[in-house]
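Morning, everyone. Please have the structure open on your screens while I talk.

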Amino acid sequence: MAENLLENSLLIECRGEVESAIEALVESSMNGPYATAMELAKEILLAGGKRIRPVLTLLAYDLAGGQNRADVMDFAVATELIHTATLVHDDIYDGAKLRRGVQTLHEKPGLDHAIIGGDFLLVMGFGIGGRYDERIVHIMAETCAAIAAGELKQIQHISDLSTTPEDYYEIVRGKTAGPFASACECAAIIAGASDRDALILREFGMELGVAFQLVDDILDLTGDERMGKARGTDVHEGKMTLPLIHALTRLHGDSRRVLADVLAEFRDDRWGELSDLLEQGDSFGYCRMLIHNHLERALNHLYEFPESEVRDVLEAMTRQVMTRNE
């Protein structure tokens with residue numbers, strides 16, 4: 001198995017192909033009738049990011065037996081365009097000032113421009129993805145609808161101390177894990193894989209995506225400058241992440257009342273109280289156990305495929321998620 005994922009030649013190759021395809025799209029759009037809209041959106045689109053979804057798409061395509069990445073590249077780019085569109089809209093209602101190290105669109109050109117820029121990226125993503133057959137387009141539409149439903153549910157549960165783990169999982173499967181799952185499934189379909197293999201890859205992506213979000217929840221509460229994850233963004237915004245939900249469920253009496261007060265009136269000088277209460281409820285330990293369980297299930301799905309370099313890279317990516325918060 002590849003030990004140093006960052007230096008793995010296959011991963012570098014996939015990332016390079018994705019970056020080249022996105023840059024080519026921006027360049028062609030800048031010379032076309034939509035130049036004004038692309039001028040607005042290109043900075044955040046070219047600002048980097050992990051490119052997890054398009055890279056995962058290419059690797060899933062390879063694993064499923066695909067022979068020519070050019071056949072799946074438009075779909076891979078579409079996943080990144082749609083993801084970036086959701087980030088632009090996320091930033092608007094989160095009031096974020098920076099994204100990928102650059103000013104957010106609503107901070108720089110303004111709210112009206114940001115809404116248009118996000119809409120442009122979403123439509124462009126659907127336009128490119130719409131070149132595939134009806135089955136792919138249907139999955140894309142279902143995924144985007146689930147993202148919207150997940151966002152709305154999360155907004156409905158802002159600062160809601162009665163939020164349940166079931167509510168949380170519904171939000172995460174819609175917003176984060178669903179796009180991982182559909183990227184893997186559609187890549188398999190484009191590769192000509194069997195329905196069984198497409199479903200296995202969908203389940204792999206779903207488990208990986210849930211674990212990825214759980215890790216982000218922990219990093220929000222602990223902070224990790226190496227990952228570019230600022231501490232406390234979700235807490236300040238009133239988002240009910242699973243460590244908080246778990247602690248509210250486990251704690252009773254005075255501890256539960258103090259936690260409710262901390263979350264209702266959160267300030268940076270209350271980090272010590274919050275951390276102590278989360279430790280008291282063993283909420284970090286609980287979430288790390290769930291991360292391990294989801295990733296083990298992801299690996300079990302992956303092992304349904306024969307050994308290969310691409311399977312090794314996907315395994316290494318999965319294990320890297322497992323160690324992000326350690």
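**Two helices and two isoleucines**

Let me begin with helix H13, in what is a predicted model. H13 has 20 residues, and at 1.5 Å a residue it should span 28 Å. The C-alpha atoms at its ends are 29 Å apart, which agrees.

Now, which residues of H13 are buried? They are Ser 283, Phe 284, Cys 287, Leu 290, Ile 291, His 294, Leu 295, Ala 298, Leu 299 and Leu 302. Several helices help to cover them, among them H3, H7, H8, H10, H12 and H14.

Take Ile 291 from that list. Its relative accessibility is 2%, so Ile 291 counts as buried; the cut-off for that is under 20%. Ile 291 and Met 322 are 31 residues apart in sequence, yet their C-alpha atoms are 6.9 Å apart in space.

Next, helix H6, residues 134-156. The same arithmetic applies: 23 residues should span 33 Å, and the end C-alpha atoms are 33 Å apart, which agrees. The buried residues of H6 include Ile 136, Ile 139, Met 140 and also Glu 151 and Lys 153. Their cover includes H4, H5 and H7.

After H6 comes the loop that leads to H7, and Ile 158 lies in that loop. Is Ile 158 buried or partly exposed? At 34% relative accessibility, Ile 158 counts as partly exposed, because that class runs from 20% to 50%. Ile 158 joins Tyr 93, Leu 152 and Ile 155 in a nonpolar surface patch of about 360 Å².

To recap the two isoleucines: Ile 291 is buried, whereas Ile 158 is partly exposed.

Definitions and conventions
Residues are numbered from 1 along each chain as its sequence is written. This is a predicted model: local features need pLDDT of at least 70, side-chain atom pairs count only at pLDDT 80 or more; totals for chains, interfaces and linings use all residues. Side-chain values use heavy atoms; hydrogens and water are left out. Patches are made of residues with over 30% relative accessible area and no salt bridge: like charges are joined within 9 Å, nonpolar side chains (Val, Leu, Ile, Met, Phe, Trp, Tyr) within 5 Å. Accessible areas come from the Shrake-Rupley method with a 1.4 Å probe; for residues, only the protein chains shown count as cover. A salt bridge is a side-chain nitrogen of Lys or Arg within 4 Å of a carboxyl oxygen of Asp or Glu. Helices (H or I, at least four residues) and strands (E, at least two) are DSSP runs, numbered from the N terminus. Buried means under 20% relative accessible area, exposed over 50%, partly exposed in between (1.4 Å probe, protein chains only). The expected span of a helix is 1.5 Å times one less than its number of residues. Contact means heavy atoms within 4.5 Å.
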